[in-house]
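Here's a quick walk through one model, written for someone who likes to check distances and contacts as they read. Have the viewer open and follow along.

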Amino acid sequence: MSQGKMAACEVVVLGAGPYGLAAAAHLKKAGMNVRIFGRPMKFWAEKMPTGMLLRSPRIASNISDPIHRATLDRFEVSAGIQPRAPIPLETFVEYGRWFQRQLLPDLDHREIVSVKHTEEDFVISLEDGVLIRSKKVVVAAGIGPFQKVPSEFASLSPSQVSHCYQGCEIRNFSGKRVAVIGAGQSALESAALLHEAEASVEVLARIPALRWIGQHPWLHRMGPISSALYSTHDVGPAGISRLVAAPNIMRKIPLSLRDRIRTRAVRPAGSQWLPARLQNVKLSSGRFVTAAQANGHGVELTLDDGSRRLVDHVLLGTGYSVDITRYGFLSPELMKQLVLMDGYPKLSRGFCSSIEGLHFIGATAARTFGPLLYFVAGTEFTSKQLASYLVRKGSNR
Ligand SMILES: Cc1cc2nc3c(=O)[nH]c(=O)nc-3n(C[C@H](O)[C@H](O)[C@H](O)COP(=O)(O)OP(=O)(O)OC[C@H]3O[C@@H](n4cnc5c(N)ncnc54)[C@H](O)[C@@H]3O)c2cc1C
């Protein structure tokens, strides 16, 4: 199809997770001609451990909508679900899909295979070969391609090693010996689920001692003092939590300090409901794997202290590291024009990248706007800022 005959729109939103859904809902409400692409809540539905509970509190787990009609509370009422805290994964997935049906019924389930930049606009190719032109593209593609796989495990086969990203079916490990690598929520919650499914589990964590969130509950019960120390988003420790809740202030802080705040706010830790569930799980902290080799009996792990473990499977809770060069849909020519900061796009106000009209939201914006953007709670700030920026831009033309 020639460019002139392609369907066209003002804004394409790539990805239908919490950030893409919130952004599209706000842009639509602002009167923009917006199209959103992708399977709704696919990452949450397919890439997280079955049985997982959300780490974020209920108040910080609403996907932002411009008229406050599609809240988690409203979804539960309409679906006849008893509100629970922490929120079960299935409830959150269904909530996101309900949000989409309420506010974005015309969402297009097709995935985007490529985004190219032309002199006037962007050309987007869909999985079935259809092309669309758009003046602006908002990339809300999440962290799926960014999983970290330490090199020690690179030679193992998929049956011997997997990343928490693969959304493993915990029941398949019943009766098996599993080493879980990592000290964050994914690793620790997967270990609890595996133990409950009667796997024999050991957690191997590099940090000297495991950390648990909410160890000082009294800090949250001091009325106005607590409110001064913690925002309702509950990202980061006392004081830092307040700063993190103000992404426009975060953006103005020098990068090296901003990086330190970001790393501190999201350092590996488990939710407060996990220690009890892990009571009978072997937790080895201050240890790391130096070699992993398959033999006829399973996978032999050698640790830094020279000790060995023989397991059937290694589950990597080793997290994610943003690197947008791994977004296969960004064309090589477009990639060349993008200015990066260690894998993150360099962004300015309105989530603008170095290419006019190309915007990044969610985790890829966290280096600029701070760690709130790793979480669902950041959808409120992001979608409001993005919509007001794009509307202003449109009216200035
Ligand atoms: C194990 C785990 C637990 C977590 N728990 C919490 C929690 O309790 N609370 C919280 O706030 N956050 C939590 N997070 C962080 C969570 O990932 C983010 O809050 C949230 O997913 C960000 O939303 P998003 O829309 O940016 O990304 P995603 O939810 O990943 O959505 C992006 C979507 O884009 C789609 N996509 C990608 N490429 C394309 C393409 N080319 N075309 C079309 N679609 C595409 C993907 O399939 C995906 O569905 C957790 C993360 C993990 C890994």
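Contact here means heavy atoms within 4.5 Å. Keep in mind that this is a predicted model.

**Around alanine 199**

With that cut-off in hand, which residues does alanine 199 touch, not counting residues up to four places away in sequence? The answer is Phe173, Ser174, Gly175, Lys176, Val178 and Leu194. Alanine 199 sits in the loop that links α5 to β8. Its relative accessible area is 8%, and since buried means under 20%, alanine 199 counts as buried. For a sense of scale, take glutamine 82, which is 117 residues away along the chain: its C-alpha atom and that of alanine 199 are 31 Å apart.

**Helix α5**

The loop residue leads straight back to helix α5, which covers residues 185–196. Does the length make sense as an "agrees" or a "disagrees" case? Using 1.5 Å a residue, its 12 residues should span 16 Å, and the end C-alpha atoms are indeed 16 Å apart, which agrees.

Is α5 largely enclosed or largely open? Largely enclosed by the rest of the structure, because 9 of its 12 residues are buried. Among those buried residues are Ala187, Leu188, Glu189 and Ser190. The cover over the buried part includes β7 (177–181), β8 (200–205), α10 (274–277) and β13 (313–316). Just past the helix, glutamate 198 takes a positive phi of about 70°.

Glutamine 185 deserves a stop of its own. This residue lies in α5, and its relative accessibility of 11% makes it buried. Its side chain reaches the backbone nitrogen of serine 271 at 2.8 Å. Setting aside neighbours within four places in sequence, the contacts of glutamine 185 include Leu53, Arg55, Ala269, Gly270 and Trp273.

**The sheets**

Two of the strands that help cover α5, β7 and β8, also belong to an open sheet. That sheet has 5 strands in the order β6-β13-β7-β8-β9, with parallel pairing. At the edges are β6 (161–163) and β9 (282–285), each pairing on one side only. On average, neighbouring strands are turned by 20° against each other, direction ignored. Zooming in on one pair, β8 and β9 run parallel over 4 bridges, and valine 203 stands opposite leucine 283 in β9.

Elsewhere, strand β1 (residues 7–14) pairs in parallel with β5 (residues 131–139) through 7 bridges. Alanine 8 faces arginine 133 of β5 there. β1 is also joined to β2 (residues 34–37), again in parallel, by 4 bridges, and valine 11 has valine 34 in β2 as its bridge partner.

**Helix α1 and the ligand**

Helix α1 covers residues 18–29. Its 12 residues should span 16 Å at 1.5 Å a residue; the end C-alpha atoms are 17 Å apart, which agrees. With 10 of the 12 residues buried, α1 is largely enclosed by the rest of the structure. The buried set includes Pro18, Tyr19, Gly20 and His26. Just after the helix, glycine 31 has a positive phi of about 90°.

Tyr19 brings us to the ligand. Which of the 27 residues around the ligand come nearest? They are Tyr19, Arg55, Ser56, Ile112 and Val376. Some polar contacts to ligand oxygen atoms are tabulated here.

| Residue | Protein atom | Distance to a ligand oxygen |
|---|---|---|
| Tyrosine 19 | backbone N or O | 2.9 Å |
| Tryptophan 44 | side-chain N or O | 2.9 Å |
| Valine 376 | backbone N or O | 2.8 Å |

**Backbone oddities**

A few loop spots are worth a look if you're checking torsions. A cis peptide bond joins alanine 85 and proline 86, with omega at about -5°; proline 86 is in the loop between α3 (72–79) and α4 (89–103). Histidine 68 is not a glycine, yet its phi is positive at about 50°, and its place is the loop between α2 (42–46) and α3. Aspartate 342, also not a glycine, has a positive phi of about 50°. Look for aspartate 342 in the loop between β14 (340–341) and β15 (344–345), where its relative accessible area of 63% makes it exposed.

Methods
Residues are numbered from 1 along each chain as its sequence is written. This is a predicted model: local features need pLDDT of at least 70, side-chain atom pairs count only at pLDDT 80 or more; totals for chains, interfaces and linings use all residues. Side-chain values use heavy atoms; hydrogens and water are left out. The expected span of a helix is 1.5 Å times one less than its number of residues. Buried means under 20% relative accessible area, exposed over 50%, partly exposed in between (1.4 Å probe, protein chains only). Two strands pair if DSSP finds at least two bridges between them. Axes are lines fitted to C-alpha atoms, for helices over the stretch in contact, and angles run from 0 to 180 degrees between N-to-C directions. A residue is near a molecule or strand if one of its heavy atoms lies within 4 Å of it. A polar contact is a pair of N or O atoms within 3.5 Å; within protein, one must be able to donate a hydrogen and the other to accept it, and residues adjacent in sequence count only if both atoms are side-chain atoms.
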